[in-house]
Structures are given as structure tokens and as C-alpha cells.
Amino acid sequence: AAAKRKGGAVAGARPKKRAKGSPGEPEAAADAKAGPQEYSIPAPVSQGKWKNKERVLIFSSRGINFRTRHLMQDLRTLMPHSKAGRAVHHSQCIFRVVCEMKNCNKCIFFEAKKKQDLYVWLSNAPQGPSAKFLVQNIHTLAELKMTGNCLRGSRPLLSFDPTFDKEPHYALLKELFIQIFSTPQYHPKSQPFVDHVFTFTITDNRIWFRNYQIIEEDASLVEIGPRFVLNLIKIFQGSFGGPTLYENPYYQSPNMHRRLIRLSMAAKFREKNQVKEVQKLKKKESKMLIEEDPTEMVFETPAEEKPVEIQHVKPESKAIVKDKRKPRKIERKRQKKLFRTEA
């Protein structure tokens, strides 16, 4: 039956139609032998094969603040190969199940604690490895108001500090960043050109993330945003756990940092109180008595002594002068009282 169909198809095949105004077959054969040079047109970029099927899931735990929510939205707009996920509870198995349900092999998980500390997990979902970071100095696109701009869905360049090639744990993080942040070639939602750069710089034992626009005129860079700093905590062999491959010796937890600040403030307060107590004791101490100076009375002259007079006769008493107006006032008051009684 297959042979019959094949034979019938071959037998019933129609001859190809010639275009309008095209020359006949003998003339076309003659032109092919002695004709002009042929130009080959390359296939369009959209016809390329999408081989790298990396999908990144960006989701968070419950209780994140508005700045973390905006940062997640900015990363989703910059990474066309990302997918959004709902907020979940704390459980390592749930994270893996969510990644498998969304058909994602990489994930960025934002974990909020105490409504003030933010941690981020970068993980390879099925087998690992995974890295846990403390996120600091977050600035979103809406906050920065930078002058740079890039097309939505364009593929970024990834620029890494030379330190990433010197240390083994940084080399592992570099490969993890490349697989997560780089947009796969010929991705359906991506654009076929490059106009911005993701930079990862190591300073003060932290990884600083920046996003810059590439200006075509002079190839200078203008920052777009967002920006944040990643403080490495641990690198695990598995996804969201497993044996610890590396632990950062310079890492200090936010709780310890706040505790040290409180202790320093308490020490300053105690020092002030001690200074006040010392000053009070100094005031209460008795003053030292200074010995008499023999030369102090040199320039003092004694006063002249007056003779003492003793009176043997009693002094005369002074004459008492009576007020003549007083009896007249008394008489007037009596007359007024008599007049009132008679009336």
C-alpha cells in the first residue's frame, strides 16, 4: 500500500509552474551556463533552532516587602526566559516541586525573614548546586530614575571580575550566573541583538550587580538599573541543601550586626555614666587646707585706736510733742455718731 501511494504520488505529480515572464527551459539552461553570478541570501535569525532550553523560575516566600516585589518584577522584565511563581512556605521539597511543575531547571528564590532581612537562593533545580546570599543595598528601576534604557527582551552581555577565575568557589558561581542570567539564543521571547551589559564585580568580599546600556555612538555605558549587592553565605552541593561545598568566613549575620551595634551603644552609655560619677566624687572631696603665709600680713597697717569715753550722767529725755489735730478728729467722729442715732 505504501508503494502504491508512493507510486501514485510520483505518477500524479504535477509539473512545476513557471513564473510569469520567465524564459523557457532551453533558454534557462543556457543562462545557467553563461549567466551572472548567483547571490546566496542568509536565512533570517528567527529561523534558528532554540537548543538551549534554560527556564528560570523567579518566586519568593511569604512576607516580602514592596522593594523586594519590585526587584522581582524588574528581573522578570530583563530576563525573557524567566517565569513567575507564587509565594510559598518554607520547605525545600516544595521548592523542587514548584520548579518541576513550572518546567524550570533554574530558579531564583527570595526568602524574607523578620520583615527586614532578605536572602536569595540561586539553584539548579533537579540536582544542584545551589548558593545562598544575603541581599543588601537594593535599588529598583523606579527608585533610581537612571537615564539609560534598553529594549525589552534583548540579550545581555555578562561581564565578570577577573577574581572569578582565580578562586574555585567564585568559578562555580560564575558558571551558575551564566546559566541563570544569560538569555538563550533564538529564544522565542528574546530579540536578536545586544544593547545592555550585566556586570558582576567583587569588592569587599561581596558581589555587586549592575546593569548598563551600551551606547552605539561611542560604546560608552549608562546605568539602567536595578542594582543590588550579594553577600555569599554558603554553597551547597544539592538543590536548596545538601553537603556544604563552601562557607564564607567573612560573613556576618544581620542579627549579629545589630547585636554589635546595640553593644557599642550600651558601652558608650556606660562610659558617660562613669564620667559623671567621677565628677560627682571630685566635687564631694574636701578641699585641701593651705598653710598660712607669714608674708601675707606685711603690707597691712593697724587702725588707729580711739579713746573710750564713759558717760557718768544720764542723758536728758526728749520732749514729747503731741499732735494737735488728733483730738479734733475724735470730736468729729463723736458728732457723726450722735447725728446718726438722732436721725
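**The largest pocket**

Begin by selecting strand β5, residues 130-139, in this predicted model. Strand β5 gives the most to the lining of the largest pocket, with four residues. The space in this pocket amounts to about 440 Å³. Its lining counts 22 residues, and those closest to the centre are Gln116, Asp117, Leu118, Leu134 and Val135. Select these five to place the centre of the pocket on the screen.

Next, add α3, β4 and α7 to the selection; like β5, each of these elements supplies at least two residues of the pocket lining. Colouring the lining by class shows eight nonpolar, nine polar and five charged residues.

**The largest cavity**

Which residues line the largest cavity? Select Leu71, Leu75, Ile108, Phe110, Val120, Leu122, Val135, Phe181, Phe228 and Leu230, which form that lining. The cavity holds about 80 Å³ of space, and the count of cavities of 30 Å³ or more comes to one. Four elements each supply at least two lining residues: α3 (66-78), β3 (106-113), β4 (117-124) and β10 (227-238).

Colour this second lining by class as well. The cavity lining divides into ten nonpolar residues, no polar ones and no charged ones. For the pocket, by contrast, the lining includes nine polar and five charged residues. Val135 is listed among the residues lining the cavity, and Val135 is also one of the residues closest to the centre of the pocket.

**A nonpolar patch on the surface**

Turn now to helix α7, residues 254-284, where methionine 256 is placed. Select Met256 together with Leu260 and Leu263: these residues make a nonpolar surface patch of about 250 Å². Methionine 256 has a relative accessible area of 36% and is therefore partly exposed, since that class lies between the 20% limit for buried and the 50% limit for exposed.

**Two cis peptide bonds**

The next stop is the loop between β4 and β5, which contains proline 129. Select glycine 128 with proline 129; the peptide bond that joins them is cis, and omega is about 0 degrees.

Then move to the loop between β9 (221-223) and β10, the place of proline 226. Here the bond from glycine 225 to proline 226 is cis, with omega near 0 degrees.

**Two lysines with positive phi**

Select lysine 115, in the loop between β3 and β4. Its phi is near 60 degrees, a positive value in a residue other than glycine. Is lysine 115 buried or exposed? Its relative accessible area is 76%, so lysine 115 is exposed.

Continue to lysine 145, in the loop between α5 (141-144) and β6 (157-160). Lysine 145 has a positive phi of about 55 degrees although it is not a glycine. Lysine 145 is exposed as well, with a relative accessible area of 69%.

**Salt bridges**

How many salt bridges does a search of the whole structure find? The search finds eight, and the tour visits some of them.

Select lysine 106 and glutamate 54 and display their side chains. They form a salt bridge in which the closest N and O atoms are 3.1 Å apart. Because lysine 106 lies in strand β3 and glutamate 54 in the loop between α2 (25-33) and β1 (56-60), the pair ties together parts that are 52 residues apart in sequence. Both lysine 106 and glutamate 54 are buried.

Next, select glutamate 111 and lysine 113, whose salt bridge has its closest N and O atoms 4.0 Å apart. Glutamate 111 is buried, at a relative accessible area of 8%, whereas lysine 113 counts as partly exposed at 34%.

For the last stop, select arginine 227 and glutamate 223. Their side chains meet in a salt bridge of 2.8 Å, N to O. Glutamate 223 is buried, with a relative accessible area of 12%. Add Arg210 to the selection: salt bridges that share partners join Arg210, Glu223 and Arg227 into one network.

Key
Residues are numbered from 1 along each chain as its sequence is written. This is a predicted model: local features need pLDDT of at least 70, side-chain atom pairs count only at pLDDT 80 or more; totals for chains, interfaces and linings use all residues. Side-chain values use heavy atoms; hydrogens and water are left out. On a 1 Å grid over the protein atoms alone, a cavity is a set of points where a 1.4 Å probe fits but cannot get out, and a pocket is an open set with protein on both sides within 12 Å along at least five of seven lines; lining residues have an atom within 4 Å of a point. Grid points are joined across faces, edges and corners, and a volume is the space filled by probe spheres set on the points. Ala, Val, Leu, Ile, Met, Phe, Trp, Tyr, Cys and Pro count as nonpolar, Asp, Glu, Lys and Arg as charged, and the others, Gly among them, as polar. Patches are made of residues with over 30% relative accessible area and no salt bridge: like charges are joined within 9 Å, nonpolar side chains (Val, Leu, Ile, Met, Phe, Trp, Tyr) within 5 Å. Accessible areas come from the Shrake-Rupley method with a 1.4 Å probe; for residues, only the protein chains shown count as cover. Buried means under 20% relative accessible area, exposed over 50%, partly exposed in between (1.4 Å probe, protein chains only).
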